[in-house]
Amino acid sequence: MIRKAVLPVAGFGTRCLPASKAIPKEMITIVDRPVIQYVVQEAVAAGIRDIVLVTHGTKSAIENHFDKHFELEAGLEAKGKTELLEELRAIVPADVNIISVRQPEPLGLGHAVLCARPVIGDDEPFAVLLPDVLVDDDGLERNDLAGMIDAFERTGRSQLMVEEVPRELVYKYGIVAPKGESPEPGESCELSGLVEKPKVEEAPSNLSVIGRYMLPGRIFPLLAKTPPGAGNEIQLTDAIEELRVAEGVDAYRMQGTTYDCGHQLGYLEAILAYGRRHSRYGEGFTELLKRYAAED
């Protein structure tokens, strides 16, 4: 059973400025909780129990969010605010561990993942979840991360979560090249390659990588010897390509919906989606949307 996940959260979030100037971009809220909490909940729902945050000295707010706040909890308990108290205590279930490691300098996603090596080890598979993207599993029997973990355990091959994008927009994404037909939603297929931001006419498919990976621990020795690539950074995709050549890598096609919280419109779309079905605020939020739509 795969129990560990790496969440790289050390970046400065320049695409989210000015909101991310003084607080981590991962702490910007969607309705009533920060983005990073949704990502951790996604991992926990898939069976992950060890969350490794690869962080930076300016990101202590993330660690604090997942830590116990004794004084606050005691105050809520004394005032009889039981519901709020339970919400706080449920942020991290009792059987889930939040572990922090530092990325001392910004040397790329591959380097960030490599920083988790002392915690993960070279013999254990793990997930990587990029917190810029929310993967919404509303209405699904199980979330896509759980499906991808099952695919890894069934095939023994690394898995990249992908989603279908309009073909005219493939130039914006990393696009996979399936061996044979593209997989159906909830299924995976082996890859013959990965192309970063191809020309529309040269794209091998319209399936883009969305920031969820299932990888074996043996990727760490590959990352350790991967030279800097694009942007003079250590690229995770370079090490994944070595894995693909050596033993094969699959694409798992997701069933849910993604929201790119790496920019402002993505945040707004996520707020619309999560806000409308919120147990406490959904009804009122829907009425607000109708009111503003009527004014237009």
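A cavity is a set of grid points where a 1.4 Å probe fits but cannot get out. In this predicted model, the count comes to one cavity of 30 Å³ or more. Its volume is about 30 Å³. Lys25, Glu26, Val35, Pro131, Asp132, Cys261 and Tyr267 form the lining of this largest cavity, which divides into four nonpolar, no polar and three charged residues.

One of those lining residues, Val35, also belongs to the buried set of helix 1. Helix 1 spans residues 35–45 and is mostly covered, with nine of its eleven residues buried. The buried residues are Val35, Ile36, Gln37, Tyr38, Val39, Val40, Glu42, Ala43 and Val44. After helix 1 comes Gly47, which has a positive phi near 100°.

Helix 1 leads on to an open space, the second largest pocket, to whose lining it contributes four residues, the largest share. The second largest pocket holds about 400 Å³ of space. Of its 19 lining residues, Arg33, Tyr38, Gln41, Tyr274 and Arg277 are the closest to its centre. Helix 1 and strand 7 (133–136) each supply at least two residues of this lining. By class, the lining of the second largest pocket comprises five nonpolar, four polar and ten charged residues.

Two of the charged side chains and two of the rings at this pocket can be taken together. Arg33 lies over the face of Tyr38, at 5.9 Å from the ring centre. Arg277, in turn, lies over the face of Tyr274, at 4.8 Å from the ring centre.

Both tyrosines also take part in contacts between rings. A pair of aromatic rings is described by the distance of the centres and the angle of the planes. The structure holds three aromatic pairs. In one of them, the rings of Tyr259 and Tyr274 have centres 6.1 Å apart and planes at 65°, and the pair is edge-to-face because that class takes angles over 60 degrees. Tyr259 lies in strand 13 (residues 257–260) and Tyr274 in helix 10 (residues 264–276), so the pair ties together parts that are 15 residues apart in sequence. Both rings belong to buried residues: Tyr259 has a relative accessibility of 8%, and Tyr274 has one of 11%. Ring pairs also bring in Tyr38, linking Tyr38, Tyr259 and Tyr274 into a cluster. Tyr38 thus appears among the buried residues of helix 1, among the residues closest to the centre of the second largest pocket and in the ring cluster.

The last element to consider is strand 1. Five of the five residues of strand 1 (residues 4–8) are buried, so this strand is largely enclosed by the rest of the structure. In a regular strand the side chains alternate between the two faces of the sheet. In strand 1, Lys4, Val6 and Pro8 point one way, whereas Ala5 and Leu7 point the other way, and all are buried. Strand 1 pairs with two other strands. With strand 4 (residues 50–55), the pairing is parallel and runs over five bridges; there, Pro8 has Val54 as its bridge partner. With strand 6 (residues 126–129), the pairing is also parallel and runs over two bridges, and Ala127 is the bridge partner of Ala5.

Terms used: Residues numbered from 1 in each chain as written. Predicted model: local features only at pLDDT ≥ 70, side-chain atom pairs only at ≥ 80, totals over all residues. Heavy atoms only, no water. Phe/Tyr/Trp six-rings, centres within 6.5 Å; stacked < 30°, edge-to-face > 60°. Buried < 20%, exposed > 50% of the residue type's maximum accessible area, 1.4 Å probe, protein only. Lys NZ or Arg CZ within 6 Å of the ring centre and 35° of its normal. Pairing = 2+ DSSP bridges. 1 Å grid on protein atoms, 1.4 Å probe; cavity = no way out; pocket = protein on both sides within 12 Å on 5 of 7 lines; lining within 4 Å. Points joined across faces, edges and corners; volume = space filled by probe spheres on them. Nonpolar A, V, L, I, M, F, W, Y, C, P; charged D, E, K, R; others polar.
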